[in-house]
Amino acid sequence: MSTAHTDAADRTNPRRIDHTLTRAEMAQRVAADIPSGSVVNLGIGIPTSVSNYLTAEQDVILHTENGMLGMGPEAHGEEIDNDLINAGKIPVTELPGASYFHHADSFAMMRGGHLDIAVLGAFQVSAAGDLANWHTGAADAIPAVGGAMDLAVGAKNVFVMMELTTKKGESKLVDHLTYPVTGLACVTRVYTEVAVFDISKTTGVTVTAIFGDTTIDSLITLTGLPLVDGTTTTPTTGIS
Amino acid sequence: MISKLHDSVDEALADIRDGATVMIGGFGQAGQPVELIDGLIRHGATDLTIVNNNAGNGEVGLALLIKSGFVRKIICSFPRQSDSQIFDARYRAGLIELEVVPQGNLAERIRAAGAGIGSFFSPTGFGTLLAEGKETRTIDGKNYVLESPIHADFSLIKAHQSDPMGNLVYRKTARNFGPIMATAAKTTIVQVTDVVDLGALDPENIITPGIYVNRIVQISQEACA
């Protein structure tokens, strides 16, 4: 089995596509970018759908923070066992080789750097890789964080899946967060319907793929960030 | 021979006093000791501080305990859910105090209490609202927040099997907070589906050794259904 550190050949997705991506295509793209043998945590919501596109050959092991490695697909009908649920409290199944553990162990394996990739949703991501995804900051909102902060600082790579703009058309990839922080300098890649961005401490934000009639210039205008064009260079995994 | 078995939930919970801190196991409804929570509502101790991952789902268990008005404060990671309407209403009315803790810090703070750790530095939450006012330290270039243990007077948890000494085995993801909460309370009370004879559990496979368990109540599967 190959590891998440060496499997550069897995990056097979095209760099330019003539239409913006649907959510399903985004999930498909994330799944295809996950190196075989990786241990992965998929966040609640859109990131969960990435599991639909992982192939058996990828040998990806799914972690769910309520205490399981080797999580299988959602359970249906007679498979449903109320003692076997994922972090979104949806009944799931176990795959051969699965294991169960208590919460302190589950988060220790996260903080301890044993998870290769976490895929999370976001309200905003900054050019420095700061993540905001737990709290809108609205005065009447009831704060709820779950495992978001632990995943942000714990996983070796944090992939974000989000639409690039708000309903008002403002970029969610920003210079500085205006939403409350979940974790600082933790996001390594952002998948959106119009482009994929890699974030690096040394080279800043690089556009690695672009979809529809989006251009590097239009992204620079929208985000107000000095973006590097990586759509014409040789793909790298961008995974540590 | 040691037996920690109690005949009834009410007897097992009888000495929980007003103002107690009570940890309640479970993640959503998996591992939630519903019959012990129902007993706690009947018991009627007030001014409780409850430690749980959530703040109740639907109209059962922890949600009902909150609805009863017996909970002064809840320490949890994820109160707001699609079916947390009972907590939401009491919180917005200013009737319940909330301490939100990142889930991994919550687990580790419980573990630390049971393991005799005074405090620990966690990277989780650094630079966020949830670390405001807390001591921080940079260790080998990485930033950490000082977190304190959470001790409890009582832990109410659910396990799959127990022997009379309180050695416990859990089922699947219902294990969640059970093993750590069992260690962090002065008195740990467990509801189990099956009580087996001493020696029937393989010592290699016991998840919670009986040293952490004080009282056991059997709640058969039929009663849970």
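Visitor: How many residues does each chain put into the contact between chain B and chain A?
Guide: Bear in mind that this is a predicted model. The two sides don't give equal numbers: chain A puts in 30 residues, and chain B puts in 35 residues.

Visitor: Which element of chain B gives the largest share of the side that touches chain A?
Guide: Start with the elements that give two or more residues to that side: α4 (85–92), α5 and α6 (178–184) of chain B. Five residues make up the largest share, and they come from α5(B).

Visitor: And how do α2 of chain A and α5 of chain B pack, parallel or oblique?
Guide: Helix α2 (residues 103–111) of chain A and helix α5 (residues 103–115) of chain B have axes 8 Å apart and an angle of about 120° between them. The crossing is left-handed. Given that angle, α2(A) sits relative to α5(B) in a way that counts as oblique.

Visitor: Which residues of α5(B) meet α2(A) there?
Guide: On the α2(A) side, the residues are A:His103, A:Ala104, A:Phe107, A:Met110 and A:Arg111. Facing them from α5(B) are B:Gln103, B:Gly104, B:Ala107, B:Glu108 and B:Arg111.

Visitor: Where do the buried residues of α2(A) sit around the helix axis?
Guide: The buried ones are A:His103, A:Ala104, A:Ser106, A:Phe107 and A:Met110. Looking down the axis, they fall within an arc of 160°, so they line one face of the helix.

Visitor: What do those buried residues of α2(A) pack against?
Guide: Both chains take part here. From chain B come α5 and α6, and from chain A comes α3 (148–154).

Visitor: Over in chain B, what arc do the buried residues of α2 cover?
Guide: In helix α2 (residues 34–43) of chain B, the buried set is B:Leu36, B:Ile37, B:Gly39 and B:Leu40. They're on the same side of α2(B), because the arc they cover around the axis is only 155°.

Visitor: What covers the buried residues of α2(B)?
Guide: The cover is drawn from several parts of chain B. Among the helices are α1 (9–12) and α3 (62–67). The strands include β2 (21–24), β9 (152–162) and β11 (185–195).

Visitor: Which residue follows α2(B), and which follows α2(A)?
Guide: Both residues have a positive phi: near 85° after α2(B), and near 80° after α2(A). The one following α2(B) is B:Gly44, and the one following α2(A) is A:Gly113.

Visitor: Which residues touch the most other members of the largest nonpolar core?
Guide: In soluble globular proteins, nonpolar side chains tend to be buried together. In this model the largest nonpolar core has 126 residues. The ones touching the most other members are A:Val30, A:Val119, A:Val158, A:Val160 and B:Val22.

Visitor: What is B:Val22 in contact with, leaving aside neighbours within four places in sequence?
Guide: One part of the list is B:Ile16, B:Leu48 and B:Ile50. The rest is B:Ala152, B:Asp153, B:Phe154 and B:Leu156.

Visitor: Does B:Met23 count as buried or exposed?
Guide: B:Met23 is in strand β2 of chain B. Leaving aside neighbours within four places in sequence, its contacts include B:Val51, B:Ile110 and B:Met181. Since 27 C-beta neighbours lie inside 10 Å, B:Met23 counts as buried.

Visitor: And B:Gly199, buried or exposed?
Guide: B:Gly199 is in the loop between β11 and β12 (215–218) of chain B. From B:Gly199 to B:Ser220 is 21 residues in sequence and 21 Å in space, C-alpha to C-alpha. Because B:Gly199 has 9 C-beta neighbours inside 10 Å, it counts as exposed.

Conventions: Residues are numbered from 1 along each chain as its sequence is written. Chains are lettered from A and ligands numbered from 1 in the order in which they are written. This is a predicted model: local features need pLDDT of at least 70, side-chain atom pairs count only at pLDDT 80 or more; totals for chains, interfaces and linings use all residues. A residue is buried if 20 or more other C-beta atoms lie within 10 Å of its own, exposed if 12 or fewer, and partly exposed in between; C-beta atoms are placed from the backbone. Helices (H or I, at least four residues) and strands (E, at least two) are DSSP runs, numbered from the N terminus. The arc is that of the directions from the helix axis to the C-beta atoms. Two residues are in contact if their C-beta atoms, placed from the backbone, lie within 7 Å. A nonpolar core is a set of buried Ala, Val, Leu, Ile, Met, Phe, Trp, Tyr and Cys residues joined through C-beta atoms within 7 Å. Axes are lines fitted to C-alpha atoms, for helices over the stretch in contact, and angles run from 0 to 180 degrees between N-to-C directions. Angles under 35 degrees count as roughly parallel, over 145 as roughly antiparallel, 65 to 115 as roughly perpendicular and the rest as oblique. A crossing is left-handed if the near helix is turned anticlockwise from the far one by less than a right angle, and right-handed if clockwise.
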